[in-house]
Amino acid sequence: MVSAICTEAALQQSYIQEPVDTIYFGGGTPSLLSPAELEQILQQVFKQFTVNTDAEITLEANPDDISTEKLTYWKNAGINRLSIGIQSFFAEDLQWMNRAHTADQAKACIQLAQQAGFNNITIDLIYGTPTLTDEKWQQNVATAVSLNIPHISCYALTVEPKTALDKMITLHKMENVNSETQSRQFTQLMQWADDAGFEHYEISNFAKPGFRSRHNSSYWQGKHYLGLGPSAHSFNGISRQWNIANNALYLKSIEGNVLPVEVETLTNTQQLNEYIMIRLRTMEGLSLNEIAARWDINAVHKLRAGAEKYLKNDMMVLNNNSLILTRNGRLFADGIAADLFC
Amino acid sequence: MKHIRNFCIIAHIDHGKSTLADRLLEHTKTIGERDMMNQVLDDMDLEREKGITIKSHAIQINYKHKGQEYVLNLIDTPGHVDFSYEVSRALAACEGALLLVDASQGIQAQTISNLYLAIDNNLEIIPVINKIDMEGAMIPEVTDQIVELIGCKPEEILLASGKSGIGIEEILTAIIERIPSPKGDETGPLQALIFDSVFNSFRGILVYYRILNGSLKKGDKIQFVSTGQEYFADEVGVLKLTMTPKQEVKCGDVGYIITGIKVAKEVKVGDTITLANNPAPMIKGFEEVKPMVFAGIFPVNTDEFEELRDCMEKLQLNDASLTFELETSQALGFGFRCGFLGLLHMEIIQERLEREFNQTVITTVPNVSFIAYSSKGDKLTVNNPTEMPDPTKLSRIEEPFIRAQIITLPDYIGNIMTLCLGKRGILINQSYLTPTRVELVFEMPLTEIVFDFYDKLKSQTRGYASFDYSPIGYRDADIVKMDILLNNEKVDALSALIHRGRAADFGRKLCEKLKELLPKQQFQIAIQAAIGAKVIARENISAMRKDVTAKCYGGDISRKRKLLEKQKEGKKRMRQIGNVEVPQEAFLAVLKLD
Ligand SMILES: Nc1nc2c(ncn2[C@@H]2O[C@H](COP(=O)(O)OP(=O)(O)OP(=O)(O)O)[C@@H](O)[C@H]2O)c(=O)[nH]1
Ligand SMILES: [Mg+2]
């Protein structure tokens, strides 16, 4: 697989013209890569593309994969940011979510990483699970804050249709997620994060000043990106493409020097809708000036009219000619985005 | 004219009319092998999907009998009660009828009603026991039943199977030898009865007629008697599997005409065609159809009303039993209050609008037609709940009653009694047609059979019951208007006229159903059913607490955009009632109650 990914990098060489500013090892468990494999991929990326010297290079890691030894070679390989899937600092929640790591590991791995010299750390926390009380939720956030973590991604538990969880719920073997609890815990989170000096810069992402994820911000700014490996997505401004998800088929296709991609070209309206959907989720909001510049003034008029009721019921504010969701509005970002679609 | 025979095939539903027609067309080589398929005359998509005939279908057969060429005009008719108007118009174009009876089922309710229609039209009846290939064929019993019913001799009854092609030759012989040739004055002024029409997007409006006197030539200047409008006969011809142009269609024959008619409303089924420069008077047309059920049809997008009107007019050309007039609803905007012959008819109309005319429509709660008497003694026909006067101004209300005739096996008498009495039926008569076949006659309110009667009857008798009904006038009824309110806003399109004793149960079920069908919104929604100011049922939909998905990174964007675009599309089709957004399905909630 690693050599296939390297081959793909060569095949995709012309996809990205501009210098690479961020590299992200994610999706699955890149923390299982051996030092040699990690090295191989990074070398290939540096060979095929121009990478900025101060590029942000992130690696996703599971708490139970983290050891001093690994941390050292990650550091040496050039990784300068870690994303750790903590989820919760409580055993009960971790068990419910079927996670491999323990509550002790959750805390210890962060401290190890910091000792190894990783300051730029982000962790994932999950709320809205049946086992998580408001009190435990508060403690999870407080723990993260006290560990001096500069970036937190918080996700509400969602039950994807046809998953094991979904089945358990329909069979009443498990309590369904309670949207009221989720909405309350999200509201609490916004307050606590604010108190602790985090910027709520995107619906699910909180950062201390200077610690936003440069990589994820590129998605939200509509920058171009290239994904490598099975089911990875790429975007060049007007078309989006994604690799086949099946590993075997991916390998076979790359072996024959063929990119196993599906391409979708976005119409002008689709580009605008994506812009609306993504930007509404950000702290900077939807810039009407930018829409006027990139699309047309009619779109601005339509958006302004559509936003009227949300401005009235305090779901949105208009600031610097940008439509920005309020805390209350962020609870309904999807519905509002759909409503404002052109 | 001596060598023309006009006949139709009539029977109870599914007794094999269309299949027998196949064999007649095959045997006479009217349709070549290449074009042949099962129930070839059922050429509408809907007919093929549902496996039933919806429209009468005329086709001309050439057949040589004892050295003589004959022209046979066959009309295949539908069997379902809702389409009996199709049958009655077909009869007017014929001198004879093949009355089919399924050998395994015997005489059923529509066998009798269609037979009476044919007798009223003075048609020569040729009784045929069909499907004799079936294992359960009961030829002697069914022979007795037929002899009893029409008073013929047993040897006059033909045996056939449309499936295996038995008896086809004998049927053709009987058609020629027993059915009289059409009568009429071949040289007199033209009188042709319009019995059907259709809009064809390539050819314009096609009109089907039967010539009673005179003849019609290509190029003739014709006149529609009732409207006085004149046109040129651009094309005339007869109906084979496709239209076959002729220079002249003669007295006694069935044919089509294409003129330059642009406006659908100018064509009236039942009108007479005559020649402009040699006119003849109107001939007796058809009895007006009396719609049994009324419901509103509205365009999904309010600005498509004019287009819908145009399509309804075109559809009406091909369905003379459809009636409609303008209706306005606060919830749904401009639309039409339509009259249907039954719920199947209503479903077919909606489907045809969607398939043949590309219209997406909302159909509202169906109801029967009531008569309201005001305290001052005025009489008002109410086809729409919104027209019902305020109860304080009413002295009484009457509802339509029907005489229901049910033929079944003795085993099911109990179930049928329970069903019909539960639907406010009154047993009028119970008689044994044969030791194993019972006829039950009830008088029942029409409104009780409109909704789920057929399905219940079917399930209660495992399909061993046939049912026919005819209106018998109006009777006093305790009818109330039940309204549905969403956050205190009345939804006129959901109001229903209903028997007082049923209101509480109906209201509760409707509220529950609406709770299922209405999506959560950012505020709480109160659903209420009320009679006047009195709330009889209530449900709440709690407010949506949260509508945001957690992740939105590179790989999520496309999928998420598509999801939200779909959501937006769905919302466009919703209607705003006060502050509540109501999806279309909600307006059909009533039809989905158990
Ligand atoms: N065994 C047997 N089945 C038959 C025969 N004729 C028709 N059928 C079957 O009976 C069913 C109904 O046949 P149709 O010809 O559509 O009946 P119909 O009277 O035209 O029905 P409607 O037009 O809907 O009233 C079909 O499933 C046929 O295959 C027959 O002679 N023998
Ligand atoms: Mg048929």
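Which residues does B:Leu99 touch, not counting residues up to four places away in sequence? The first legend answers this for the predicted model.

**View 1. B:Leu99 in the largest nonpolar core.** B:Leu99 touches B:Ile10, B:Ala11 and B:Leu115. The list also includes B:Ile125, B:Ile126, B:Pro127 and B:Val128. Residues up to four places away in sequence are not counted here. The core holds 160 residues. B:Ala97, B:Leu99 and B:Tyr209 touch the most other members. Strand S8 of chain B, residues 204–213, gives the most to this core, with seven residues. A second, separate core has 70 residues. Among them are A:Ile79, A:Ala113, A:Phe211 and A:Leu280.

**View 2. The shell around ligand 1.** Around ligand 1 there are 20 residues. B:Gly16, B:Ser18, B:Ile52, B:Thr53 and B:Gly79 come nearest. By class, the shell has five nonpolar, 10 polar and five charged residues. Helix H1 of chain B, residues 17–27, gives the most to the shell, with three residues.

**View 3. Helix H1 of chain B and its cover.** H1(B) is mostly covered, with nine of its 11 residues buried. The buried residues are B:Lys17, B:Ser18, B:Thr19, B:Leu20, B:Ala21, B:Asp22, B:Arg23, B:Leu24 and B:Leu25. What covers them includes strands S1 (4–11), S2 (57–65), S3 (68–76) and S4 (96–102) of chain B. Strand S5 and helix H6 (168–178) of chain B are also part of that cover. Just after H1(B), B:Lys29 takes a positive phi of about 60°.

**View 4. B:Ser18, an annotated residue in H1.** The unreviewed UniProt entry carries a "binding site" annotation that includes B:Lys17, B:Ser18 and B:Thr19. B:Ser18 is found in helix H1 of chain B. Is B:Ser18 buried or exposed? B:Ser18 is buried, because 24 other C-beta atoms lie within 10 Å; the cut-off for buried is 20 or more. Leaving aside neighbours within four places in sequence, B:Ser18 is in contact with B:Gln39, B:Leu41, B:Asp42, B:Thr53 and B:Asp76.

**View 5. B:Asn130 in strand S5.** The same "binding site" annotation from UniProt covers B:Asn130, B:Lys131, B:Ile132 and B:Asp133, along with B:Asp14, B:His15 and B:Gly16. B:Asn130 lies in strand S5 of chain B, residues 124–130. B:Asn130 counts as buried because it has 32 C-beta neighbours inside 10 Å. Leaving aside neighbours within four places in sequence, B:Asn130 is in contact with B:His15, B:Gly16 and B:Leu20. Its contacts also include B:Leu100, B:Val101, B:Asp102 and B:Ala103. B:Ala160, B:Ser161 and B:Gly162 are on the list too.

**View 6. The annotated span of chain B.** The unreviewed UniProt entry gives "domain: Tr-type G" for residues 2–183 of chain B. The end C-alpha atoms of this span lie 9 Å apart. The span is 33% helix and 23% strand.

**View 7. Chain A and its contact with chain B.** Chain A has 15 helices and 13 strands. Its radius of gyration is 21 Å, close to the 20 Å that the globule rule gives for 342 residues, so chain A is as compact as a globular protein of that length. The C-alpha atoms of chain A fill a box of roughly 60 × 45 × 45 Å along the principal axes. Of the 342 residues, 39% count as buried. The contact takes 35 residues from chain A and 20 residues from chain B. The side of chain B that touches chain A has six nonpolar, six polar and eight charged residues.

Conventions. Residues numbered from 1 in each chain as written. Chains lettered and ligands numbered in written order. Predicted model: local features only at pLDDT ≥ 70, side-chain atom pairs only at ≥ 80, totals over all residues. Near = placed C-beta within 6 Å. Helix = DSSP H or I, 4+ residues; strand = E, 2+ residues; numbered from the N terminus. Nonpolar A, V, L, I, M, F, W, Y, C, P; charged D, E, K, R; others polar. Rg over C-alpha atoms; globule rule 2.2 N^0.38 Å. Buried ≥ 20, exposed ≤ 12 C-beta atoms within 10 Å, placed from the backbone. Contact = placed C-beta atoms within 7 Å. UniProt positions renumbered as here; feature names shortened; annotations may be inferred. Core = buried A, V, L, I, M, F, W, Y, C linked by C-beta atoms within 7 Å.
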